[in-house]
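Reader: I would like a close look at one part of this protein, a single strand in the middle of things, with its neighbours and the ligand site for context. Please keep it plain.

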Amino acid sequence: MNDRLRQLPSVDRLLQEPGVAALLAKVPRTTLVQAVRAAVAAARTSRQPLPEDWAAAVADRLALLTAASLTSVLNATGVVLHTNLGRAPLAPRAVAAMAAVAAGYCTLEYDRAAGSRGDRADHCRGLLAELTGAEDGLAVNNAAGALVLALRALAAGGEVLISRGELIEIGGSFRIPEILEASGCRLREVGTTNRTHLADYQRELGQARAILTVHRSNFELRGFITTPEPQALAALAATAGIPYLYDLGSGLLVDLASHGLVGEPRVGEAVASGADLVMFSGDKLLGGPQAGCLVGRSELVERCRRDPMARALRTDKSTLAALEATLALYRDPDVALREIPVLAMLTLGPQRLSELATRLAGLMPSAAGATTRPGHSAVGGGAFPTAQLPTTLVAIDPGPLGGSALAARLRLGEPGVIVRVEEGMVCLDPRTLPPESLAAVAAAVGEALR
Ligand SMILES: *Cc1c(COP(=O)(O)O)cnc(C)c1O
């Protein structure tokens, strides 16, 4: 045994040391024992001298051990729907609605008038229909779930026609052909990657139980391409007596064309095109909580609602509360644009962004050498994939520390700030930062540069 191992204290001895034992006031014994073991294990393998202050070493381990894994961070990347950072931040009214039902009892499945059992599927039903022009609506856990549910409920055991140009991967191992298979459907590819004609669908109608269109949400196909209009596919499906399903991905409910964002189909347009069932996310352009919405013909929505899979995909009370509150804001599109953070961030004007960047740069410590420069934000979340939203960035010179090291310190600081590194400079985009957070961001940069 070498000297180092001989000098290592035992876990039992450390637990009796007053400085360590005092930590029992904060955490249960089992947690403290874990921290002590971790501290001893770290000291055993470290090249540093053994800690002089074991209580401090254990306290450090304890802090690591008990730190929350899911914590809030500030998003300075300018990617509005950042999937890794939780997609859509919620509107204050949605947060309030969520908190109100989370802390107590609520009418999740309760009919107040009758004093008897109600149905959780009823909560967002009316609003989904009203805002999209559909006959009926249903919310489940996410849009992937909505698609699985629709395919299972309406086409399980049968063939689903889909264009070869739409056999896409949404991200995170979510691939349309695999989803179809997992839903118990047989995939029938039609057309080619770049060109699919109505006749291609027509030829394969024989065994088909549904026609599916998947919006190419995260990339653009350009050049020599053809895709039938949803209207034409809806009409074709109707003549064959099968449903036309349209997976839109993003739940855009308002027109953003006047803000330079074009090309993303709105839910209302998809419904108006004659699609029998339209599916979309709650936490992409809709700007609500993670959810998947299905809207369309009553009979089809009802079949989805009654499918056993609906039980496995059902939303919880806080999701429904946040979704209902978010949807309610759309009754007045101007209110939606103002109060739903995703829409407010996407429609921030260049003048306002420049003001915010100037303010943020002014708050930075002089060591940051902050300057402002033109740049671009992104929509993210697989929507408007090629849109480049002009913004003003705050660029920080990381000095000898280097861009990626400064970015890492910012990530791990308190609050954590997630940034971009471009050409060696650390860049912060005010578009995705709450204006009231700018002083905290500047302070975090000062701390990280120290
Ligand atoms: C994002 C997306 C989905 C998945 O949505 P989630 O809510 O993340 O499950 C499905 N289809 C398309 C076309 C999408 O863009």
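Author: What follows starts with the whole chain, turns to strand β6 and its sheet, and ends with the ligand and one outlying residue.

This is a predicted model, in which local features need pLDDT of at least 70 and side-chain atom pairs count only at pLDDT 80 or more, while totals for chains, interfaces and linings use all residues. Residues are numbered from 1 along each chain as its sequence is written, and side-chain values use heavy atoms, with hydrogens and water left out.

The secondary structure of the protein chain comes to 20 helices and 18 strands; helices (H or I, at least four residues) and strands (E, at least two) are DSSP runs, numbered from the N terminus. Along the principal axes, the C-alpha atoms fill a box of roughly 85 × 50 × 50 Å. Of the 450 residues in the chain, 47% are buried. Buried means under 20% relative accessible area, exposed over 50%, and partly exposed in between, with a 1.4 Å probe and protein chains only.

Now the strand. β6 covers residues 159-163, and five of its five residues are buried, so the strand is largely enclosed by the rest of the structure. Both of its faces are covered: E159, L161 and S163 are buried on one side, and V160 and I162 are buried on the other.

Next, its partners. Strands of a sheet pair through backbone hydrogen bonds, either parallel or antiparallel. Here two strands count as paired if DSSP finds at least two bridges between them. With strand β9 (residues 186-190), β6 pairs in the parallel sense over five bridges, and L161 stands opposite R188 of β9. Strand β10 (residues 208-214) also runs parallel to β6, joined by three bridges; in this pair V160 stands opposite A210.

These strands belong to an open sheet of seven, in the order β5-β13-β12-β11-β10-β6-β9, with mixed pairing. At the edges stand β5 (136-140) and β9, each with a single partner strand, so one side of each is left without a neighbour in the sheet. From one strand to the next the twist averages 25°, where axes are lines fitted to C-alpha atoms and angles run from 0 to 180 degrees between N-to-C directions. An antiparallel pair in this sheet is formed by β12 (residues 277-281) and β13 (residues 292-296), over five bridges, with F280 opposite C293 of β13.

The ligand comes next. Of the 13 residues around the ligand, A144, S217, D247, S281 and K284 come nearest; a residue counts as near if one of its heavy atoms lies within 4 Å. By class, this shell has five nonpolar, five polar and three charged residues. There are polar contacts too (pairs of N or O atoms within 3.5 Å). A side-chain N or O atom of S217 is 2.5 Å from an oxygen atom of the ligand. A polar backbone atom of A144 lies 2.8 Å from a ligand oxygen, and for a backbone N or O atom of A143 the distance to a ligand oxygen is 3.0 Å. Taken alone the ligand exposes 380 Å², and the protein buries 94% of that. Helix α8 (143-155) and strand β11 (244-249) are the elements that give two or more residues to the shell.

Last, an exposed residue. R37 is found in helix α4 (residues 29-45), and R37 counts as exposed at 52% relative accessibility. The C-alpha atoms of R37 and L389, 352 residues apart along the chain, are separated by 51 Å.

Conventions. Polar contact = N/O pair within 3.5 Å; in protein donor to acceptor, adjacent residues only side chain to side chain. Areas by Shrake-Rupley, 256 points an atom, 1.4 Å probe, with all protein chains shown as cover. Nonpolar A, V, L, I, M, F, W, Y, C, P; charged D, E, K, R; others polar.
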